[in-house]
Amino acid sequence: MEHRLLTYFLAVCEELHFTKAAEKLGISQPTLSQQIRLLENQVGAPLFQRIGKKVYVTEAGEILHKHSRNMFHELDQAKAAIDEIQGMQRGRLRIGCSGNHLLTETIMAFHALYPKIELSVIELATEETKEGLLSNQLDIGVVFLPDEDEQLRCIPLYNEKLHLVISYKHPLAELKAICLAELAQLPVAMLQKKFYVRQMMDDACDQSGFEWKPALELSTLESLLQMAINNVGGAILPGSYVDSIRSSAIRSIPIIAPVPQKDVGIVYRKDMFLCKTMDTFMKQLMQAYKI
């Protein structure tokens, strides 16, 4: 079974659309369809099913998908080991994180030392990063740490606390702290439920015995910050993100009674080959957080 055919197969699995997959691969759609038929002949079963205009992966396709991802993962691991022999002169590192601000200092320092290493940093929800690690699409995650996970190794970096961020013009701008129950009476913008920052707030409210719905639900920290700067309302943001802003247009107020907090750290697969590139980046990241 050719490596090329499996590459084509995985592209269709990701896109679930033959034309989009062909464009991604840089080939024509008829060529892609012909190559997938060739692969189906080799495995002896249909890999995709068309229902109307939609493409679905068959049961046989799901099996091949799982094993193909594992095969490509093993090839990547072999390449990482070879790159280590060559002294980090080339290679790549794929990182998922809960906010790019967590990595800025380390990325700059690492790139200055190893400019030929390709860094790909994607801002994702914690669960999305975990899925990326387990599906071999990411090498490292920097996220809110799970309580326990048999498949992931965790290295704590710091304890994240949530803050209420408001405009300097806001009536509460001089507050030194705000209780969670008092905060629930204010119009506040928050992240959507898939993000751990939102889950931390929801859990804290549940534990305190009341329900709270945000006035606005947004999908990025930057959009929440803009709501606060423009005095549309308050915004719930991680303290580390607020510290990275250093803006005189906002006021950051710690939330207390209780304090919504959670450890943030590095996660990677326990069965991952810890190559020199990964090890060096993680050590620089720990150094940045004085671990």
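## Backbone exceptions near the C terminus and in a loop

Lys290 is exposed, with a relative accessibility of 76%; here exposed means over 50% relative accessible area, buried means under 20%, and partly exposed lies in between, with a 1.4 Å probe and protein chains only. Lys290 is placed in the segment after α11, and its phi is positive, about 60°, although Lys290 is not a glycine. The model is predicted, so local features need pLDDT of at least 70 and side-chain atom pairs count only at pLDDT 80 or more, whereas totals for chains, interfaces and linings use all residues. Residues are numbered from 1 along each chain as its sequence is written, and side-chain values use heavy atoms, with hydrogens and water left out.

A second positive phi in a residue other than glycine occurs at Ala257, where the value is near 50°. Ala257 belongs to the loop between β11 and β12 and counts as exposed at 52% relative accessibility. The peptide bond that joins Ala257 to Pro258 is cis, with omega about -5°. Pro258 is likewise found in the loop between β11 (250-256) and β12 (261-269). As background, most residues other than glycine have a negative phi, and most peptide bonds are trans.

## Overall architecture

The protein chain contains 11 helices and 12 strands. These elements are DSSP runs numbered from the N terminus, with helices being H or I over at least four residues and strands being E over at least two. The C-alpha trace spans about 70 × 50 × 35 Å along its principal axes.

Of the 291 residues in the protein chain, 43% are buried. Among contacts with a separation of 6 or more, 73% are between residues 24 or more positions apart; a contact means heavy atoms within 4.5 Å.

## Strand β8 and its partners

Strand β8 (residues 188-191) pairs in the parallel sense with strand β10 (residues 234-238) over two bridges, and in the parallel sense with strand β9 (residues 216-218) over three bridges. Pairing requires that DSSP find at least two bridges between the strands. Val188 has Gly234 as its bridge partner in β10, and Met190 has Glu217 as its bridge partner in β9.

Together with helix α8 (residues 196-208), β8 and β9 form a right-handed β-α-β unit. The crossover is called right-handed if, with the strands pointing away from the viewer, the path from the first strand over the helix to the second runs clockwise.

## Salt bridges

The structure holds 10 salt bridges, each defined as a side-chain nitrogen of Lys or Arg within 4 Å of a carboxyl oxygen of Asp or Glu. One of them joins Glu128 and Lys194, whose closest N and O atoms are 3.2 Å apart. This pair links distant parts of the chain, 66 residues apart: Glu128 lies in helix α6 (residues 126-134) and Lys194 in the loop between β8 and α8. Glu128 is partly exposed, at 29% relative accessible area, and Lys194 is also partly exposed, at 43% relative accessibility.

Within helix α8, Arg198 and Asp202 meet in a salt bridge at 3.2 Å from N to O. The two residues are four positions apart in the helix and are therefore separated by about one helical turn. Both Arg198 and Asp202 are buried. In helix α11 (residues 276-288), Lys283 and Asp279 are also four residues apart, about one turn of the helix, and their salt bridge has closest N and O atoms 3.1 Å apart. Asp279 is partly exposed at 24% relative accessibility. Elsewhere, salt bridges that share partners join Lys193, Arg198, Asp202 and Glu217 into one network.

## A buried glutamate without a salt bridge

Glu40 is located in helix α3 (residues 29-43). Glu40 is buried yet has no salt bridge, and the nearest side chain of opposite charge, Arg37, is 6.7 Å away. In this assignment of charge, Lys and Arg count as positive and Asp and Glu as negative, while His and the chain ends are not counted.

Which backbone nitrogen does the side chain of Glu40 reach? The side chain reaches that of Leu47, at 2.8 Å. A polar contact is a pair of N or O atoms within 3.5 Å; within protein, one must be able to donate a hydrogen and the other to accept it, and residues adjacent in sequence count only if both atoms are side-chain atoms. Not counting residues up to four places away in sequence, Glu40 touches Ala45, Pro46, Leu47 and Phe48.
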